[in-house]
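Hi,

Here's the structure I promised to pass on to you. Have a look at it first, then read my notes underneath.

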Amino acid sequence: MNLEETLKQLISFKTISHDHEEIARAYAWIKDQIQPVPVFVREMTHDNGHTSLFITTKENDFEPKVWLAAHIDVVPGSEQMFTPWIEDGKLYGRGSFDMKFAIAMYIELLKELGMDAQEYDFGIMFTSDEEVLGESMEILFKKEGFRSEVVLLPDGGGTWEFEEAAKEAWVCKLTAHGRAAHGSSLWNGQSAIRSLHACLSDFYALFDEVWEENDAHWHPTMNVGKITGGNVVNQVADHAEALLDMRFPTPQDRMHFEQKIAELMKQHPTVTFESEGILRGYSIDRNNSGIELFADIAREKYGIECGWQKAHGTSDARFITEQDIPCVLIWPKAAGAHSEHEYIDVADMH
C-alpha cells in the first residue's frame, strides 16, 4: 500500500473526536499495518475517556530523541468527505489536511525502515481529542512525563513555513440581568439584551483601538461567537448572554486587557463577566537545532526554502512547549481544513 492509499484508508475511518469505537478501529488498523516492523506499541486510556497510541523503537521508552506526533480525530463532515478521491493532483477528504496525512507518512516511514527501525531512537504518538481542546497531549507531557529533544507536529505553520508563535485564546462569557415586562409596556421592565448590547459596544471599541490594517494582524482581536437572550418576542428580556473569543499575541497583552476589561465592567453593573478558560499560546526560537536541521534537509534534498509564519489559532503544541520542548510545526501544500473542500497536494505530500 502506497502513501496515497494509506491516507485514503485512514480518511475512511470516521474518527470524530468522541467516537471512541471508530477511533479504536482505526488504531487497530494502524497496528496491523506496522505489525512486521520491530517496534513497541502501547495504548493509553486517559481519565477523559480518550485514548492515545504510541509506537517506539525502544521498549518502554517515553523519552526518545524525537517524537513524531499527530491527532487522529477530525471534525464532522458530509458522507462524501469520508470517501476520499483524487482530482487534479489533490487528495480530498476529511483529515487529508488536518491531519491524517501525517499519520499516513509515519506509517509509511516505519514500513520503509523495516528491520532497520531499531537502529533509530524515535517515537510516534497519536492522540484522539485535539479537536476538542486536546487534554490528552497535556496529560502525556505534564502528568505522564513524556519528553524528547524535539517534537514534529505538522499541524500548523504555513506551506513550508515554520510556525514561530501562536496567539493565546481567552474564552469569556458576558451575562446581562434585567427585569421582565410586557413588550407593549417596556418602561415597566429593564432589557437585559439592551444592557448586553451596550456592554458589547464598549468591548468592540476596546479592541478597535488596537486594530492594525495589515495582512499580519498580529494584534489582539475579539469575536462575539454566540448571543442568546429573552424568551418570547412580546416580553422584555430579563436575561441575555454572549460568548467572546479573544486572541492575544502574548500573555502580557492579555493581562493588559484584563485591567482594561475590569475598568470597563464597572460601567455596566447589570452585566457580569466570567472567564471560561485560556488556551495558551507558544513560540519557538528560530535558531533551534531541530528547526535548522529540518530546513537544511528541505533545502538540500528538495530545493525548498522554508519560511516563517505566526498563527492566530493554537494547537496541541502549547502543551509541549510549556515543558521547554521545542515543537516544529510546518505543513506541505494543502487547504480547506474543516471544510467540504479539504485537500492535500499529493506531490507535495511526498
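In which loop does His338 lie? Find β16 and β17, because the loop between those two strands is where His338 sits. Keep in mind as you look that this is a predicted model.

His338 is a nice place to start. Its phi is near 70°, a positive value in a residue other than glycine. Most residues other than glycine have a negative phi. His338 is partly exposed, with a relative accessible area of 42%.

Asp324 has a positive phi too, about 60°, and is not a glycine either. You'll find Asp324 in the loop between α8 (317-321) and β15 (327-328). With a relative accessible area of 72%, Asp324 counts as exposed.

One more backbone oddity: the peptide bond from Asp98 to Met99 is cis, with omega near -15°. Most peptide bonds are trans. Met99 belongs to the loop between β5 and α3.

Now the whole chain. It has 350 residues, and 49% of them are buried. DSSP runs give nine helices and 17 strands. The C-alpha atoms fill a box of roughly 80 × 45 × 40 Å along the principal axes. The accessible surface is about 16800 Å², and carbon and sulfur atoms account for 49% of that. Take the contacts between residues at least 6 apart in sequence: 77% of them join residues at least 24 apart.

Next, a sheet. Four strands make an open, antiparallel sheet in the order β4-β5-β17-β16. The edges are β4 (85-87) and β16 (334-335); each has a single partner strand, so one side of each is left without a neighbour in the sheet. Strand β5 (residues 90-92) and strand β17 (residues 343-345) run antiparallel and are joined by three bridges. Within that pair, Leu91 stands opposite Ile344 in β17. Helix α1 (residues 3-12) lies across β4, β5 and β17, at about 20° to β5.

Then the inside. The largest nonpolar core holds 71 residues, and the ones that touch the most other members are Ile30, Met125, Phe126, Phe141 and Val151. Helix α3 (residues 100-113) gives the most to this core, with eight residues. Try picking Phe126 in your viewer: leaving out residues up to four places away in sequence, Phe126 touches Tyr27, Ile30, Thr51, Ser52, Leu53, Ile55, Ala70, Ile103 and Tyr106. There is also a second, separate core of 23 residues, which includes Trp170, Cys172, Ala192 and Met222.

Last thing, the cysteines. How many disulfides does the structure hold? The count is zero. Why is Cys306 not in one? A disulfide needs two cysteine sulfur atoms within 2.5 Å. The closest cysteine sulfur to that of Cys306 is in Cys327, 15 Å away, so the two are too far apart for a bond. Looking from the other end, Cys327 is in no disulfide, and the nearest cysteine sulfur is that of Cys306. Cys306 counts as buried because its relative accessibility is 18%, under the 20% cut-off. Cys327 counts as buried as well, at 3% relative accessibility.

Happy browsing!

Key
Residues numbered from 1 in each chain as written. Predicted model: local features only at pLDDT ≥ 70, side-chain atom pairs only at ≥ 80, totals over all residues. Heavy atoms only, no water. Buried < 20%, exposed > 50% of the residue type's maximum accessible area, 1.4 Å probe, protein only. Pairing = 2+ DSSP bridges. Contact = heavy atoms within 4.5 Å. Axes fitted to C-alpha atoms, helices over the stretch in contact; angles between N-to-C directions. Core = buried A, V, L, I, M, F, W, Y, C linked by side-chain atoms within 4.5 Å. Areas by Shrake-Rupley, 256 points an atom, 1.4 Å probe, with all protein chains shown as cover.
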